[in-house]
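Visitor: Hi! Could you walk me through this model?
Guide: Happy to, let me put it up for us.
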Amino acid sequence: MKISKEIVTGVIAILAIGLLVAGINFLKGNSFFGGDEVYYAYLPNSGGIAVASSVMVNGVAVGKVTDIELTNEKDSLKKVLVTFNIQEKGFKIPKGSTIEAGALDLFNKGLILSIAPDISKGFHVPGDKLQGIVTIDITTQVKAYADPL
């Protein structure tokens, strides 16, 4: 049975498109098979973070920011809604934990999750909305210090 060149070309094109979609999702930080736990954080502003920024706990990346959007909330602490996922299996966020948008190092920004030591209050379930804060990075601090000069 002879396969025509058109069919071979079509199969190769479909495989190439599938690999392209998988590669783009991989670069965006999405898991191939899903199963990530999704959480939300309200912030007063974005703090300079972007989609695909890391979510860090004790210096270890445990997830990625998947979406950032403006809200129509009247509350000044809830102007931006950040969607992030936790890719680390078995990792749970205790209630009372804080989330900060800020500098991870001199060049990169991301979400920093400070875990509450008291787990007697229970854990957040996927889909919960946490209140976050925006930290001031070192560049802003130096600029504020140097402006009066």
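Guide: We can talk through the fold, the core and one loop residue, and please bear in mind that this is a predicted model.

Visitor: Sure. What elements does the chain have?
Guide: The chain has 2 helices and 7 strands. Reading from the N terminus, the order is α-β-β-β-β-β-β-β-α.

Visitor: Is the chain compact or spread out?
Guide: More spread out than a compact globule, because its radius of gyration is 20 Å, well over the 15 Å that the globule rule gives for 149 residues. Along the principal axes, the C-alpha atoms fill a box of roughly 75 × 50 × 35 Å.

Visitor: And how much of the chain is buried?
Guide: Of the 149 residues, 27% count as buried. The chain exposes about 10000 Å², with carbon and sulfur atoms supplying 63% of that area.

Visitor: Back to the strands. How are they arranged?
Guide: They make a closed barrel of 7 strands with mixed pairing, in the order β1-β4-β3-β2-β6-β5-β7. On average, neighbouring strands are turned by 35° against each other, ignoring direction.

Visitor: In which sense do β1 and β7 pair?
Guide: Parallel, over 3 bridges, with β7 covering residues 129-134. Within β7, Gln 131 stands opposite Tyr 42.

Visitor: Nice. What about the largest nonpolar core, how many residues does it have?
Guide: It has 19 residues, and those with the most contacts inside it are Val 55, Val 82, Phe 84, Ile 86, Ile 93 and Leu 111.

Visitor: Which strands supply it?
Guide: At least two residues each come from β1 (37-43), β2 (54-57), β3 (60-70), β4 (80-86), β5 (98-103) and β6 (109-114). The largest share, 4 residues, is from β4.

Visitor: Let's zoom in on Phe 84. What is it in contact with, beyond its neighbours in sequence?
Guide: Leaving aside residues within four places, the contacts of Phe 84 include Val 38, Tyr 40, Val 55, Val 65, Ile 93, Ile 99 and Leu 111. Glu 37 and Lys 64 are also among them.

Visitor: Do you have a number for long-range contacts in the whole chain?
Guide: Yes: of the contacts with a separation of 6 or more, 62% are between residues 24 or more positions apart.

Visitor: Changing topic: where does Ser 53 lie?
Guide: Ser 53 is in the loop between β1 and β2.

Visitor: Does Ser 53 count as buried or exposed there?
Guide: Buried, because its relative accessibility is 10% and the cut-off for buried is under 20%.

Visitor: So which residues is Ser 53 in contact with?
Guide: Beyond four places in sequence, Ser 53 is in contact with Gly 63, Lys 64, Val 65, Lys 109 and Gly 110.

Conventions: Residues numbered from 1 in each chain as written. Predicted model: local features only at pLDDT ≥ 70, side-chain atom pairs only at ≥ 80, totals over all residues. Heavy atoms only, no water. Core = buried A, V, L, I, M, F, W, Y, C linked by side-chain atoms within 4.5 Å. Buried < 20%, exposed > 50% of the residue type's maximum accessible area, 1.4 Å probe, protein only. Contact = heavy atoms within 4.5 Å. Pairing = 2+ DSSP bridges. Axes fitted to C-alpha atoms, helices over the stretch in contact; angles between N-to-C directions. Rg over C-alpha atoms; globule rule 2.2 N^0.38 Å. Areas by Shrake-Rupley, 256 points an atom, 1.4 Å probe, with all protein chains shown as cover.
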